[in-house]
Amino acid sequence: MKFGILVFPGSNCDRDVATVTSGILQQPTRLIWHSDTDISDCDVIVVPGGFSYGDYLRCGAIARFAPVMKSLQEHAAKGKYVLGICNGFQILTESGLLQGALVRNRDLHFICDRAPLRVERNDLAFTKKYQKQQVISLPIAHGEGCYFADADTLKELEDNNQVVFRYSDAIGNITDDANPNGSVSNIAGICNKQGNVLGMMPHPERAAEGILGSTDGKALFEGLLEGLLVNA
């Protein structure tokens, strides 16, 4: 199975993801420059964290016009997997692959911390290695990580079971105190209706090795790989 990792000017987590996919999982991995358009050889495309195009205008607002994004739209439309992490989540919402938007954190400060998350569904390739309602801990690092959607969009997300992760306390309670950035309904990650596109603000690639203090993120990549192998 082959992973492709998009690289924009300002991306800084592309190598972190490659360390997981190529190093830990030992899967073929290709770094894809933003001007490339042929991604047909890849089974999974990861849109990594960072500051694409310096986060000018809005986070992800310029990246959505990169030549590779048309190919990404086609990749997703075929049912292939897309994972957007942090800035990657922002890019997916800006490009319309996911609903809603990421705006400035509630306190207007950049946050760099670890956050407990509750897994809301485990019937996706991304989450099959977790238990439903399991609490995991992943690093967060963002200034514009507050997820926002209007009432109609939020109802649609809830009705279609598209919320995948929520910020919680250590035992899984969804509270305002456990919400680090003010995201509506404590949303930390969502998927599209088909379940093949996932966007999340926390960084699973930064919690995939024991030396980093946690392996809670490794299960996301393992589940995705297992799903690919089953469907191969």
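The structure holds 0 disulfides. It is a predicted model. The points below cover the cysteine pair C13 and C86, the buried residue D14, and the largest nonpolar core, which has 67 residues.

**Cysteines**
- The cysteine sulfur closest to that of C13 belongs to C86, at 6.8 Å, which is too far for a bond.
- Seen from C86, the closest cysteine sulfur is in C13, again at 6.8 Å.
- A disulfide needs the two sulfur atoms within 2.5 Å, so the 6.8 Å between C86 and C13 rules out a bond.
- C13 has a relative accessible area of 1% and is therefore buried, the cut-off being under 20%.
- C86 is also buried, with 6% relative accessibility.

**D14**
- D14 lies in helix α1, which spans residues 14–24.
- With a relative accessible area of 4%, D14 counts as buried.
- Leaving out residues up to four places away in sequence, D14 is in contact with I5, L6, V7, L31 and P48.
- D14 and E205 are 191 residues apart along the chain, and their C-alpha atoms are separated by 9.7 Å.

**Nonpolar core**
- Within the largest nonpolar core, of 67 residues, the most contacts are made by L6, F8, L72, L83 and F165.
- Helix α5 (residues 218–231) supplies the largest share of this core, with 6 residues.
- L6 is one of the residues with the most contacts inside the core, and L6 is also among the residues that D14 touches.
- In soluble globular proteins, nonpolar side chains tend to be buried together.

Methods:
Residues numbered from 1 in each chain as written. Predicted model: local features only at pLDDT ≥ 70, side-chain atom pairs only at ≥ 80, totals over all residues. Heavy atoms only, no water. Helix = DSSP H or I, 4+ residues; strand = E, 2+ residues; numbered from the N terminus. Buried < 20%, exposed > 50% of the residue type's maximum accessible area, 1.4 Å probe, protein only. Contact = heavy atoms within 4.5 Å. Core = buried A, V, L, I, M, F, W, Y, C linked by side-chain atoms within 4.5 Å.
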